[in-house]
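Got the model open in your viewer? Keep the selection box handy, and we'll hop from stop to stop.

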Amino acid sequence: MVLKQSQTPYKRKTDVFERSFNMIYSHEVEMMCPVAQGANHGPAPIPEEAKWVKAKEIKDISGLTHGVGWCAPQQGACKLTLNVKDGIIQEALVETIGCSGMTHSAAMASEILPGKTILEALNTDLVCDAINTAMRELFLQIVYGRTQSAFSEEGLPIGAGLEDLGKGLRSQVGTMYGTLAKGPRYLEMAEGYVTGIALDDHDEIIGYQFVSLGKFTDFVKAGDTPNEAWEKLKDSTDV
């Protein structure tokens with residue numbers, strides 16, 4: 001066997017471009033005989049906005065998707081929604097539940113994230129552990145093509161993140177409480193703030209009364225007193 005020592009920087013040609021590296025090789029590698037690489041099919045295509053894309057660079061990534069994260073002591077959580085076009089974050093929705101510090105971190109993240117590439121965002125300190133973890137989980141979703149817009153032609157428009165919140169632009173939060181001694185209490189449903197619960201002859205819940213705080217605020221803005229708005233909006237539903 002004839003061994004040839006490489007005297008020039010390593011170069012490898014691909015189907016698309018040529019890259020040149022000035023690498024430092026160990027003596028063992030330098031003394032190896034070069035062997036040509038065989039099959040090179042490139043990355044597997046992933047679905048992006050109704051197209052199959054072989055993603056090789058950050059700019060090849062597009063889509064709207066979500067990630068859920070939690071803080072180290074698991075006292076709170078974050079749902080992060082990003083709308084990415086050509087690798088750049090165009091829209092960010094940050095929803096948190098937990099300590100008050102998380103809400104302030106969410107405010108900062110909503111300013112930090114738009115305009116960054118998803119790789120920059122992944123390596124940016126978003127202050128709260130839960131938001132950082134959500135960014136990591138979202139990154140895994142989007143680079144593997146598991147997005148909400150994977151099969152939506154041209155993707156989803158900027159502003160699609162707000163549609164998750166509904167007309168009132170409020171996060172869908174359910175808050176319930178229960179004890180062995182006194183049973184369950186409904187505090188907040190998707191419809192709104194729960195003001196009362198209805199019980200049957202066996203003291204089991206059969207319905208609840210609620211007020212939509214978003215609509216309540218709209219009535220007050222329109223000139224109603226808080227009491228008038230409250231009476232207009234009291235509603236109930238069966239379980």
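Where is the place of Val 127? Select Val 127 and you land in the loop between H3 and H4. Before going further, keep in mind that this is a predicted model. Now check the backbone here: the phi of Val 127 is positive, at about 75°, although this residue is not a glycine. With a relative accessible area of 42%, Val 127 counts as partly exposed.

There is another spot of this kind to click on. Asp 203 is also a residue other than glycine with a positive phi, near 65°. You'll find Asp 203 in the loop between strand E10 (192-199) and E11. Is Asp 203 buried or exposed? Its relative accessible area is 58%, and the cut-off for exposed is over 50%, so Asp 203 is exposed.

**Zoom out for a moment**

Color by secondary structure and you get seven helices and 12 strands. The protein has 239 residues, and 30% of them are buried. Among contacts with a separation of 6 or more, 46% join residues 24 or more positions apart. A few of the next stops show what such pairs look like.

**Into the core**

Nonpolar side chains tend to be buried together in soluble globular proteins. For the case at hand, pull up the largest nonpolar core, which has 24 residues. Select Leu 80, Leu 82, Leu 113, Ile 131 and Met 135: these touch the most other members. Which elements each supply at least two residues of this core? Show strand E6 (77-85) and strand E7 (88-97), then add helix H2 (100-112), helix H3 (118-122) and helix H4 (129-143). H4 gives the most, with seven residues.

Stay on Ile 131 and list its neighbors, skipping anything up to four places away in sequence. Ile 131 touches Cys 78, Val 94, Thr 96, Met 102, Ser 105, Ala 106, Ala 109 and Leu 126.

Next, select Ile 118, which is found in helix H3. Ile 118 has a relative accessible area of 0%, so it is buried. Which residues is Ile 118 in contact with, beyond its neighbours within four places in sequence? Highlight Ile 58, Ile 61, Val 84, Gly 87, Ile 89, Met 135, Phe 139, Ile 142 and Val 143. Met 135 should ring a bell, as one of the residues that touch the most other members of the core.

**Two distances from Ile 118**

Draw a C-alpha to C-alpha line from Ile 118 to Asp 86: these residues are 32 apart along the chain, and the separation is 9.8 Å. Draw another to Lys 85, which is 33 residues from Ile 118 in sequence and 9.9 Å away in space.

Lys 85 deserves a click of its own. It has its place in strand E6. Leaving aside neighbours within four places in sequence, Lys 85 is in contact with Glu 49, Ile 61, Ser 62, Gln 90, Glu 154, Gly 155, Leu 156 and Ile 158. Ile 61 is also among the contacts of Ile 118.

Follow that contact list to Leu 156, in the loop between H4 and helix H5 (160-163). Leu 156 counts as partly exposed because its relative accessibility is 21% and buried means under 20%. How many residues apart in sequence are Leu 156 and Leu 64? The count is 92, yet their C-alpha atoms are 6.9 Å apart. Leu 156 touches Leu 64, along with Asn 83, Lys 85, Gln 148 and Ser 149, not counting residues up to four places away in sequence.

**Last stop: a helix pair**

Jump to Ser 212, found in the loop between strand E11 (205-211) and H6. Ser 212 is buried, with a relative accessible area of 17%. Outside its neighbours within four places in sequence, Ser 212 is in contact with Glu 191, Gly 192 and Leu 233.

Now show helix H6 (residues 213-221) and helix H7 (residues 226-233). Their axes come within 9 Å and cross at roughly 135°, which means H6 is oblique to H7. The crossing is right-handed. To see the contact, select Lys 215, Phe 216, Phe 219 and Val 220 on H6, then Pro 226, Ala 229, Trp 230, Lys 232 and Leu 233 on H7. Color these by residue type: seven are nonpolar, none polar and two charged. Leu 233, on the H7 side of this contact, is also one of the residues in contact with Ser 212.

Note on methods:
Residues are numbered from 1 along each chain as its sequence is written. This is a predicted model: local features need pLDDT of at least 70, side-chain atom pairs count only at pLDDT 80 or more; totals for chains, interfaces and linings use all residues. Side-chain values use heavy atoms; hydrogens and water are left out. Axes are lines fitted to C-alpha atoms, for helices over the stretch in contact, and angles run from 0 to 180 degrees between N-to-C directions. Helices (H or I, at least four residues) and strands (E, at least two) are DSSP runs, numbered from the N terminus. Angles under 35 degrees count as roughly parallel, over 145 as roughly antiparallel, 65 to 115 as roughly perpendicular and the rest as oblique. A crossing is left-handed if the near helix is turned anticlockwise from the far one by less than a right angle, and right-handed if clockwise. Contact means heavy atoms within 4.5 Å. Ala, Val, Leu, Ile, Met, Phe, Trp, Tyr, Cys and Pro count as nonpolar, Asp, Glu, Lys and Arg as charged, and the others, Gly among them, as polar. A nonpolar core is a set of buried Ala, Val, Leu, Ile, Met, Phe, Trp, Tyr and Cys residues joined through side-chain atoms within 4.5 Å. Buried means under 20% relative accessible area, exposed over 50%, partly exposed in between (1.4 Å probe, protein chains only).
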